[in-house]
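Here are my notes for someone opening this one for the first time. Have a look at the picture, then read the points in order.

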Amino acid sequence: MNNLASLVEYPWITEKGSILQKNGKYVFRVRKETTKRQVKQFIEETFHVHVTKVNSMVMPGKSKRVRLQPGFTSEWKKSIVTLKAGEKIEQLAVNIATGKE
């Protein structure tokens with residue numbers, strides 16, 4: 001499990017992610033080499049829930065400029081984890097109205 005813990009970086013909490021939580025979906029930022037099976041195994045072992053589906057996508061880097069130097073931010077990967085109906089991850093429960101846990 002130590003190896004899996006290094007592959008899943010942290011939960012990606014945004015406004016859209018908070019809306020997805022109502023449907024039992026949670027968003028995590030993961031390392032680019034992480035597979036769907038590894039994400040599923042880590043979430044099930046860590047939070048003791050049943051994962052039904054994992055959707056992964058690589059988010060492209062954006063062009064940025066610092067003073068006169070153009071550059072790009074790094075691309076990154078996120079995974080949307082769907083849980084079995086009726087289950088939720090208590091540690092990540094966010095009140096959408098207040099934004100507090």
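1. Let's start in the strand that I kept coming back to. Ser79 sits in strand E6. Keep in mind that this is a predicted model, and that the values below are computed from it.

2. Is Ser79 buried or exposed? Ser79 counts as buried because its relative accessible area is 0%, and the cut-off for buried is under 20%. Its side chain has a polar partner in there: Ser79 and Ser56 are joined side chain to side chain by a polar contact of 2.9 Å.

3. Who else is around Ser79? Leaving aside residues up to four places away in sequence, Ser79 touches Tyr26, Val27, Phe28, Val30, Val39, Val54, Asn55 and Ser56. Tyr26 comes up again in the strand pairing, since its bridge partner in E6 is Val81.

4. Now zoom out to the rest of E6. How many of its residues are buried? Eight of the eight are, so the strand is mostly covered, given that buried means under 20% relative accessible area. The cover is on both faces: Trp76, Lys78, Ile80 and Thr82 are buried on one side, while Lys77, Ser79, Val81 and Leu83 are buried on the other. Do notice the two lysines in those lists, Lys78 and Lys77.

5. Which strands pair with E6? E2 is joined to E6 by six bridges, and the two run antiparallel. E3 is joined to E6 by eight bridges, again in an antiparallel arrangement. One example from the E3 side is Met59, whose bridge partner in E6 is Trp76.

6. Next, the overall layout. The chain has three helices and six strands. Reading from the N terminus, the order of elements is α-β-α-β-α-β-β-β-β. Of the chain's 101 residues, 31% count as buried. If you look at contacts with a separation of 6 or more, 57% of them are between residues 24 or more positions apart. On the outside, the chain exposes about 7,200 Å², and 51% of that comes from carbon and sulfur atoms.

7. Then there is the largest nonpolar core. It has 17 residues, and those touching the most other members are Phe28, Ile43, Val81, Leu83 and Ile89. Which elements give two or more residues to it? They are helix H1 (2–7), strand E2 (25–30), helix H3 (36–47), strand E3 (51–59) and strand E6 (76–83). H3 gives the most, with four residues.

8. Phe28 deserves its own point, as one of the residues touching the most other core members. Not counting residues up to four places away in sequence, Phe28 touches Val8, Tyr10, Pro11, Trp12, Ile43, Phe47, Lys77, Lys78, Ser79, Val81, Ile89 and Leu92. Ile43, Val81 and Ile89 in that list also appear among the core residues that touch the most other members.

9. On to the charged pairs. The structure holds four salt bridges, and I'll go through some of them. Lys32 and Glu75 meet through their side chains at 2.6 Å, N to O. This pair links distant parts of the chain, 43 residues apart: Lys32 is in the loop between E2 and H3, and Glu75 is in the loop between strand E5 (69–72) and E6. Lys32 is partly exposed, at 42% relative accessible area, and Glu75 is partly exposed too, at 40%.

10. Glu33 and Arg31 form another of the salt bridges, at 2.7 Å, N to O. Glu33 is partly exposed at 47% relative accessibility, and Arg31 is partly exposed at 37%. Glu90 and Lys88 also meet in a salt bridge, here at 4.0 Å, N to O. Why does Glu90 count as exposed? Its relative accessible area is 52%, and exposed means over 50%. Lys88, at 47%, counts as partly exposed.

11. Last, a stop at Thr35. Thr35 lies in the loop between E2 and H3, and at 40% relative accessibility it counts as partly exposed. Thr35 and Leu7 are 28 residues apart along the chain, and their C-alpha atoms are separated by 9.2 Å.

Notes
Residues are numbered from 1 along each chain as its sequence is written. This is a predicted model: local features need pLDDT of at least 70, side-chain atom pairs count only at pLDDT 80 or more; totals for chains, interfaces and linings use all residues. Side-chain values use heavy atoms; hydrogens and water are left out. A nonpolar core is a set of buried Ala, Val, Leu, Ile, Met, Phe, Trp, Tyr and Cys residues joined through side-chain atoms within 4.5 Å. Buried means under 20% relative accessible area, exposed over 50%, partly exposed in between (1.4 Å probe, protein chains only). Contact means heavy atoms within 4.5 Å. Accessible areas come from the Shrake-Rupley method with a 1.4 Å probe; for residues, only the protein chains shown count as cover. A polar contact is a pair of N or O atoms within 3.5 Å; within protein, one must be able to donate a hydrogen and the other to accept it, and residues adjacent in sequence count only if both atoms are side-chain atoms. Two strands pair if DSSP finds at least two bridges between them.
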